[in-house]
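Q: Please take a close look at a single part of this structure. I am new to it and would welcome a connected account that also places the part within the whole.

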Amino acid sequence: MPIGILQDPIFKALFNSPVPRIIVHADAPVFTIVISNDAHKVATNLVGKEISGKSVWETFDPTEAGGNGGKLLLDALTKAQTTNQTILMQPFRYDMGAIDGNGMVEKWWQLEITPIGGDAHKPSFLLTTTNDITSHVIKEREIEEARLVLQEVNSSLEAKVAERTSELARAYEQVSLSKHAAQLGTFDLDLIKGTMEWDSRCRELFGISHEQEVTYDHDFLTGLHPDDKERVVELISNLFDASKSNGDYDVEYRTVGVIDAKLRWVRAKGKVYFNLAGQPQRFIGSVLDITDRKTEEQLRNGFISMASHELKTPLTSLQGYIQLLKKKQGTQVDEFTRSALLNSEKQILKMSGIINGFLNMARLESGKFELNLQRTELRQLIESTIADFRVLNAGVEIVLEDANAIYIDLDKEKIEHVLVNLMSNAVKYSKKGMPVTITYVYDNASVTVRVKDQGFGIPKNEIDKVFDRFYRSEDVREHHISGFGIGLYLCYEIINLHNGTVDVVSIPGKGSTFSFTLPF
């Protein structure tokens, strides 16, 4: 290269600027490197390496450049040399070796190739200004990829919205038809605006004939039966408190018609919707007339209660006679008679348990099932219940795991009933000789008692039904196990009266664990 050009202050300042630059001989197709500045070495990961005197292709291997970068660079250098004109290349990919020497790094460039020296026909050198645009290209690629993803998502959303709109239209039509067929009434309480809307059926169930705007205080509260008002008002009040409720509303109560004074039973189901701050915004639901069902239930419960009382009296007498016979016979009774008397007593106690179950159910559904809370040591209560249970269930293994004594307010008789029912079920639904395990755990807020068996287990599709009144599993029928399906229902209601909860975990073929939790 001519000394004058290298020594020219302007050229030196231009060449050694922070912009990456390299000078090569115009000796196509070799393009021998003359010199590169520091910025160029940094951009191409060649700091500390001597490249002067080497071919461009020896220094930057085109076979590892990625894509057609090698060909594009060769064509541009050749064109600049043959035309003796500055060439501005379009962005192209030409990968560089990694700084640590392991593999290649994706690189994108835009080069400006300027002929220098020589004459008008042929330059001596080519000055290449090398602009590293990798980050810009990658960013644009990411933006384009994101745009394509968004476009795809948008198309998918549009299709789903169209499909959902169609489904909602069909669902709305089905709901309207179902609502009409079931004679459902609907209500909508806007807690922000303070407005309440009732459809015509809802107005009818409250005995309202006017078409004016209804209000919570004037129409709803006025229409509640006096004996149900306090209970329903408290339930709704808790319903609006996000710390006490998830917003689900399901209640049965009586209404007294404002105009016709007619008493009706209704079941109301709905949902309170909260904002992010936990403040109630809207209360929407439906009401169904259940007067006929309630009338039938009352007649049935009355009959069950009457029949149970009538049966209990002779059973009590019969039990007394058997106990008198046992006492009179003393030790002189033969084995057959002793066994017959014992089995007779067991059957009477079993029948008494069934009758007490029906009586309790009748009391529960008539609102006469009240708690007699006493401060009770839980472990002692469980131990005494197990001892009584063993008397009538010889050979049954009931294991109470070690736990500390704790005191809790509860109705002893009713919790004993729950324990006996859970133990009885555990024994009935297990293979003979399999143990039943009882445990309890507690914290500062509550205690949980678990009764675990190794029996048949409960099918998954029946788990949610086991505490329903009169429900009996298909598996129970297949195993010919007796019962009326009221035991677990009563357990649920007893624990519910204690403000507690019940639960069941079961694996078919391996057993079940029934548990109840009582608050301190």
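A: In this predicted model, strand 9 (residues 185-190) is paired with strand 10 in the antiparallel sense, over 4 bridges. One pair of bridge partners joins Leu189 to Met196, the latter in strand 10. Helix 8 packs on the sheet, where it touches strand 9, strand 10 and strand 11, and its direction makes about 75° with that of strand 11.

The sheet itself is open and is formed by 5 strands in the order 10-9-13-12-11, with antiparallel pairing. Its edges are strand 10 (195-198) and strand 11 (248-256), each of which pairs on one side only. From one strand to the next, the twist averages 20°.

A further helix also meets this sheet. Helix 9 lies across strand 11, strand 12 (263-274) and strand 13 (280-289), and it runs at about 155° to strand 11.

The two helices also meet one another. Two packed helices are described by the angle between their axes and the distance between the axes. Here the axes of helix 8 (residues 216-223) and helix 9 (residues 226-239) come within 10 Å and cross at roughly 130°. The two helices are therefore oblique to each other. On the side of helix 8, the contact is made by Tyr216, Phe220 and Leu221, while helix 9 contributes Lys229, Val232, Val233 and Ile236. Sorted by class, this contact of helix 8 with helix 9 has 6 nonpolar residues, no polar ones and 1 charged residue.

Contacts of strand residues can also be followed from Lys294, which is found in helix 10 (residues 291-329). With a relative accessibility of 13%, Lys294 counts as buried, because the cut-off for a buried residue is under 20%. Leaving aside residues up to four places away in sequence, Lys294 touches Glu252 and Trp265.

The wider setting can now be described. The protein has 15 helices and 20 strands, and of its 520 residues, 38% count as buried. Among contacts with a separation of 6 or more, 56% are between residues 24 or more positions apart.

In soluble globular proteins, nonpolar side chains tend to be buried together. The largest nonpolar core in this model has 34 residues, and those with the most contacts inside it are Ile382, Ile415, Ile438 and Phe516. Several elements each supply at least two residues of this core, among them helix 12 (378-392), helix 13 (412-428), strand 17 (436-442) and strand 20 (511-519). Helix 13 gives the most to this core, with 6 residues. Phe516 touches, among others, Ile415, Val418, Leu419 and Leu422, not counting residues up to four places away in sequence. A second, separate core of 25 residues includes Val24, Ala26, Ala65 and Tyr94.

Another buried residue is Thr130, which lies in strand 8 (residues 125-132). Its relative accessibility is 5%, so Thr130 counts as buried. Thr130 touches Pro20, Ile22, His40, Trp109, Gln110 and Leu111, again not counting residues up to four places away in sequence. The C-alpha atoms of Thr130 and Thr44 are separated by 9.4 Å, although these residues are 86 residues apart along the chain.

Conventions:
Residues numbered from 1 in each chain as written. Predicted model: local features only at pLDDT ≥ 70, side-chain atom pairs only at ≥ 80, totals over all residues. Heavy atoms only, no water. Axes fitted to C-alpha atoms, helices over the stretch in contact; angles between N-to-C directions. Parallel < 35°, antiparallel > 145°, perpendicular 65-115°, else oblique. Contact = heavy atoms within 4.5 Å. Nonpolar A, V, L, I, M, F, W, Y, C, P; charged D, E, K, R; others polar. Pairing = 2+ DSSP bridges. Core = buried A, V, L, I, M, F, W, Y, C linked by side-chain atoms within 4.5 Å. Buried < 20%, exposed > 50% of the residue type's maximum accessible area, 1.4 Å probe, protein only.
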